[in-house]
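Me: I would like a close look at one part of this structure, taken slowly, and then at how that part connects with what lies around it. Please reason from the coordinates rather than from any name the protein may have.

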Amino acid sequence: MSNRFEGKVALVVGGANADESQLLGFAGLAGLEIARQGGKLVVGDIDDEAGNRSVNKMKDEGLTADYVHMDVTSDSDWVNAVEITVSNHGRLDILIMAAGIPDSGETIETTDVDKWRRVMDVTNLGMFLGTRAVVDPMRKSGGGSIVLISSMMAKVVRDGANAYATSRAGMTHFARSAAVQYGSDNIRVNTVLPGWTFTPFTANAFDEEWAERLAKRVPLGRVADASDIAGPILFLASDEAKYVTGSELLADGGVTGWIGPMD
Ligand SMILES: NC(=O)c1ccc[n+]([C@@H]2O[C@H](COP(=O)([O-])OP(=O)(O)OC[C@H]3O[C@@H](n4cnc5c(N)ncnc54)[C@H](O)[C@@H]3O)[C@@H](O)[C@H]2O)c1
């Protein structure tokens, strides 16, 4: 297990929060684990402070990691990040695309058009541009694994997350579509659907009292941490999942299978 990613090169986008002295993001932790398990890592994000800090700590640990600034809604940023990855390491085997932003919390009638577009663009335009940018180098590497970080909101909805839930449901079908198109190139495309997780993304929304309330709706009885979601991401990224493509991997503690408490 410890050299699971030996010989692999990974681009992890939205993976800036990989500094273990701070709250970890799950793509951040997945990237760190890929580097610790023998892989070569390039982290892309808009959060340069967190990205550089995380990568510098990895270098201090003797790991192979670089940081590149990129906005997932920019085609040229994707092209640049992929070029840097391939020129530094000669190949590209894994893309983890985790960039996301929260929704406005409003109703359909009051949602601002620009806000709707931004949520959809970061997720849906981002996954499209990212997949398009990595397919050719992955083909040249003999195949690859694209892991799109979606949400349990691809399966269920809640108030005030219209664009978010819609964009996440779109990831499922995009992954299927890409899986069908690139199966003959041995490029696998899957989504991970996390449930409620303590990360920088939710740090402002979840206090302890809120987490206790949420936990009552989780069959496993607790809100997740980054390691609960990094595991499924790493599985799909690795050769252990070599026959898995076009699938959704729910990592929600059972939430979406439960109608809820009967009291
Ligand atoms: N934490 C949860 O409860 C939860 C649950 C389900 C899904 N998700 C999704 O998982 C993904 C990862 O989130 P996380 O919880 O690990 O938190 P995180 O904050 O560590 O990850 C999100 C990252 O996306 C980056 N980002 C935002 N916009 C970007 C852009 N335009 N270009 C490049 N990078 C951008 C952020 O800077 C951040 O580093 C997000 O897409 C989030 O929506 C989170």
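Reply: A residue is called exposed here if 12 or fewer other C-beta atoms lie within 10 Å of its own, buried if there are 20 or more, and partly exposed in between. The model is a predicted one, and that should be kept in mind throughout. With 12 C-beta neighbours inside 10 Å, Asp-239 therefore counts as exposed, and its place is in the loop between α7 (226-237) and β9 (248-251).

The part I would choose for the close look is helix α2, which covers residues 48-60. At 1.5 Å a residue, its 13 residues should span 18 Å, and the C-alpha atoms at its two ends are indeed 18 Å apart, so the expected and computed lengths agree. Within α2, the buried residues are Ala-50, Gly-51, Ser-54, Val-55 and Met-58. Seen down the axis of the helix, these buried residues fall within an arc of 120 degrees, so they line one face of α2. The face turned away from that buried side carries the exposed residues Asp-48, Glu-49 and Asp-60. As for what covers the buried residues of α2, the cover includes α1, β2 and β3. After the helix comes Gly-62, whose phi is positive, near 85 degrees.

Met-58 is a useful residue through which to look at the buried face of α2 in detail. Because Met-58 has 21 C-beta neighbours inside 10 Å, it counts as buried. Leaving out residues up to four places away in sequence, Met-58 touches Leu-32, Ala-35, Leu-63 and Ala-65. Another residue to set beside it is Glu-20, which is 38 residues from Met-58 in sequence, while the two C-alpha atoms are 10 Å apart in space.

Helix α1 (residues 26-36), part of the cover over α2, leads on to the ligand, since it gives the most to the shell around that molecule, with 3 residues. In total, 28 residues surround the ligand, and the closest of them are Gly-14, Gly-25, Gly-100, Thr-199 and Phe-201. By class, this shell is made up of 15 nonpolar, 10 polar and 3 charged residues.

Strands β2 and β3, also part of the cover over α2, lead on to helix α3, whose buried residues have a cover that includes β1 (9-13), β2 (40-45), β3 (65-69) and α4 (113-140). Helix α3 (residues 75-89) can be put through the length check too: at 1.5 Å a residue its 15 residues should span 21 Å, and its end C-alpha atoms are 21 Å apart, which agrees. The residues Trp-78, Ala-81, Val-82 and Thr-85 of α3 are buried. They cover an arc of only 95 degrees around the axis, which puts them on the same side of the helix. On the other side of α3, Ser-76 and Ser-87 are exposed. Helix α3 is followed by Gly-90, with a positive phi near 80 degrees.

Helix α4, named above as part of the cover of α3, brings us to the largest nonpolar core, which has 69 residues, and in which Leu-11, Ala-30, Ile-96 and Ile-233 touch the most other members. The largest share of this core, 8 residues, comes from α4. In soluble globular proteins, nonpolar side chains tend to be buried together. Ile-233 shows what such contacts look like: leaving aside neighbours within four places in sequence, it is in contact with Phe-26, Ala-27, Ala-30, Ile-96, Val-147 and Val-192.

Finally, the loop between α7 and β9, where we began, also holds Lys-242. Lys-242 counts as exposed because it has 11 C-beta neighbours inside 10 Å. Its C-alpha atom is separated by 8.8 Å from that of Asn-186, 56 residues apart along the chain. Asn-186 lies in the loop between α5 (162-182) and β6 (187-194), and with 15 C-beta neighbours inside 10 Å it counts as partly exposed. Most residues other than glycine have a negative phi. Asn-186, although not a glycine, has a positive phi of about 60 degrees.

Methods: Residues numbered from 1 in each chain as written. Predicted model: local features only at pLDDT ≥ 70, side-chain atom pairs only at ≥ 80, totals over all residues. Helix = DSSP H or I, 4+ residues; strand = E, 2+ residues; numbered from the N terminus. Expected span 1.5 Å × (residues − 1). Arc of directions from axis to C-beta. Contact = placed C-beta atoms within 7 Å. Near = placed C-beta within 6 Å. Nonpolar A, V, L, I, M, F, W, Y, C, P; charged D, E, K, R; others polar. Core = buried A, V, L, I, M, F, W, Y, C linked by C-beta atoms within 7 Å.
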